[in-house]
Amino acid sequence: MSWANQENRYGDDKVFDACGLFGFIDTSGAMHDGQAVIKALISMKERGNGLGSGYAVYGVYPDFAELYALHAMCRSEAARQGLEAHLRQGWTIVHDEPIPHREVAGVLDAPILWRYFASPIGERAPGLSEEDDVVRQVMAINTESNDAFIYSSGKNMAIFKGVGHPEQIAEYYRVHEYYGYLWVGHNRFPTNTPGWWGGAHPFGLLDWSVVHNGEISSYGTNRRYMEAHGYQCTMQTDTEVIAYAADLVMRKHGLSPRLAALVFASPLWDEIQHLPPEEQRLCRAIRQTYGPLLLNGPFTVIIARQGEMVGLGDRIRLRPLAVGIKDDLLYVSSELSAIHLVQPGIEYTWTPEGGQAIVGRLGQRPQAPEHVLPREPAIERELSYG
Amino acid sequence: MDKATLGVAVPPTLAGEVVVDCLGRHYREVNHELRGLVEQGVESLRLINVAGQRYLGTNLQRPVRITIEGVPGNDLGAFMDGPRIQVLGDAQDGCGNTMNSGVLAIHGSAGDIIGHSMRGGSIYIRDNVGYRVGIHMKEYGAAQPVIVIGGTAQHFLGEYMAGGVLIVLGRRLPLDREHPSRYIGAGMHGGVIYIAGKVNEAFLGKEVGMLPLSDADRAVLQKHVGEYARAFGLEAEPLLARPFAKLYPKTVRPYGRLYAY
């Protein structure tokens, strides 16, 4: 019996789902503490049910910026030592420590949490990049033992997650004490899969992090496609496959976020038919090449990596996504109210069409699309009955 | 959040207006307090520091006046029966869900499924709305729900619409620019949609026909666009002068033969 199933004593029967997502990037590179994302998630508490919450932050380990920050969850000290022995065969560990945390009432079943700052050593198969090698090693570790796995493996970024409400997990990891230029947060309402520590969002691989609201009804197809490319799904939830798919199409195949959006949330055939010929050819080629990576069903995701944050919803918007811009800051959120709450001076807000990628990139000041007009002031009136 | 950042012009305090501070509060507590105040006879409420609280105005079956500062949460005025609510800014998804009577005026944009299954009353959105607005609106006898959208709408406007009036003005949309709305009136089998400006006819719902306006249609528009303009302090005439088309359901039973063997 797996770790996830054994520790699922939370009585999470199938319920309506409505996870809460929030993310922002300061494209100027200015650093922010975790307060804003914590505050935003707490304001959307209704969207979660205490069975998972988590944060991802970029630019967080400047002292070890060139090393992979491997974050591990282990069920016992023996499992951790086993993991460490395994790591020492393939990695030079420069520094390692328990992930700082404090006990919080109501946070149960916390595993042993450890982080290793390390670089991979040894021979690589020809044609394999260093990142490919890290992916291979993480996959090997995560499929080998049921008692220890690596859930965050990027450089100068971290994921902090667990079973609890957003404020509990924030306090547990002391999230407000970290600084980064890009933050992503998630408040979970698990529906089809267990609420357990490894199943909390964000999901990560290399410097990818993915948070998700919805459910991927094409999960089986997507997973089989990813397995054929060497990615193993071990976390018992659909979101994991999106993180790996992002790595495959955006890192290995070099697709831009906008092309990746055509893979994951292609326009309907009906819409493709009406596009100009060049765009039609592009859309058809992408659907022919990446058909098994189309994400079917309702979803909104935030996909982040070093220097970039992408918000994307399914093509017929079955889950919400609000966007806001203030100077160098780009915000994406499940609810507009959370953006206003953390940034009262927000200049532009809008809801993008389904399937349209919202991209924030370090060094590129965010621009509202042409159709988003400046806000007109509200002039209060006496309302009569129409 | 101060008034300057919201761009709100506040009139002199109304007699008997009660201010409710919603800062950091859960919606259950806020709605409970509102209900208590209304039962005590309060007729005018001002909610300040609103940030995502849901179901505001849901359980107040009286014609109270409610002004909201901040962004209210989903299902604002769900099942609402009587109140007049104005939001001095944007609103989220599900405003007026299954609303029965009263008025909702949003001085900004609103999200998806506005007026979902609405049965009566009026919703005025000054700017734009998201997906599936007016989905399964209905009407019966004197209960005729109305939604007026000042700007434009995203896809599936009036989906499965069964009754009522849905008006889209395209106020800040140049006349040569198409509405972004696709699949308007998909599954529509009752009610009427009036839309001003260019519509991509290739993407109309299959169940929808398009007609020029009759005098009776003009009278309907005059009334509701007038109310919209009054709610936001705008001029009705330039809005009424825009080129409108009427969308109507070609059949009242679009799926009548779909499952008949």
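# A walk through chains A and B

Start in chain A by picking out A322(A), which stands opposite S333(A) in β16(A). Bear in mind as you go that this is a predicted model.

**Stop 1: the hairpin in chain A.** Widen your selection to strand β15, residues 322–326 of chain A; four of its five residues are buried, so you'll find this strand mostly covered. Now add strand β16, residues 329–333 of chain A: five bridges join β15(A) to β16(A), and the two run antiparallel. Together they make a hairpin with two residues between the strands. Click on D327(A) in the turn, and you have a residue with a positive phi of about 50 degrees.

Which other strand is joined to β15(A) by three bridges? Select residues 348–350 of chain A: that is strand β17, antiparallel to β15(A). To see one of the pairs, show V323(A) and its bridge partner in β17(A), W350(A).

**Stop 2: two crossing helices.** Still in chain A, select residues 257–264 for helix α8 and 277–290 for helix α10. Their axes come within 9 Å and cross at roughly 65 degrees, and the crossing of α8(A) and α10(A) is right-handed. Turn on side chains here: L259(A), L262(A) and V263(A) from α8(A) meet C283(A), I286(A) and Y290(A) from α10(A). Sorted by class, this contact has six nonpolar residues, with no polar and no charged ones.

**Stop 3: where the chains touch.** Show both chains in separate colours. How many residues of chain A are in contact with chain B? There are 27, and they meet 40 residues of chain B. On the chain A side, the elements giving two or more residues are α11 (336–342) and β19 (378–379). Go to α11(A) in particular, as this helix gives the most to that side, with five residues. Colour the chain A side by class and you get 12 nonpolar, eight polar and seven charged residues.

**Stop 4: the sheet of chain B.** Hide chain A and switch to a cartoon view. 11 strands of chain B form an open sheet, in the order β2-β3-β4-β5-β6-β7-β8-β9-β10-β12-β11, with mixed pairing. Where are the edges of this sheet? Look at β2 (17–21) and β11 (208–211) of chain B, each of which pairs on one side only. On average, neighbouring strands of the sheet are turned by 15 degrees against each other, direction ignored.

For a parallel pair, select β6 (residues 101–106) and β7 (residues 122–125) of chain B, joined by four bridges. Within that pair, V103(B) has S122(B) in β7(B) as its bridge partner. Next, bring up helix α3, residues 215–232 of chain B, which packs on the sheet. The strands touched by α3 are β6, β7, β8 (146–149), β9 (162–168), β10 (190–196) and β12 (244–249) of chain B, and the helix direction makes about 60 degrees with that of β9(B).

Then select helix α2, residues 27–39 of chain B: this one lies across β2 and β3 (44–51) of chain B, and runs at about 165 degrees to β2(B).

**Last stop: the domains of chain B.** Colour residues 13–62 as domain 1 and 74–249 as domain 2 of chain B. Their centres, taken over C-alpha atoms, are separated by 27 Å. Zoom in on the place where they touch: eight residues of domain 1 are in contact with 11 residues of domain 2 in chain B. On the domain 1 side you'll find three nonpolar, three polar and two charged residues.

Conventions
Residues numbered from 1 in each chain as written. Chains lettered and ligands numbered in written order. Predicted model: local features only at pLDDT ≥ 70, side-chain atom pairs only at ≥ 80, totals over all residues. Pairing = 2+ DSSP bridges. Axes fitted to C-alpha atoms, helices over the stretch in contact; angles between N-to-C directions. Contact = placed C-beta atoms within 7 Å. Left-handed = near helix turned anticlockwise from the far one by under 90°. Nonpolar A, V, L, I, M, F, W, Y, C, P; charged D, E, K, R; others polar. Domains from an automatic or database assignment. Buried ≥ 20, exposed ≤ 12 C-beta atoms within 10 Å, placed from the backbone.
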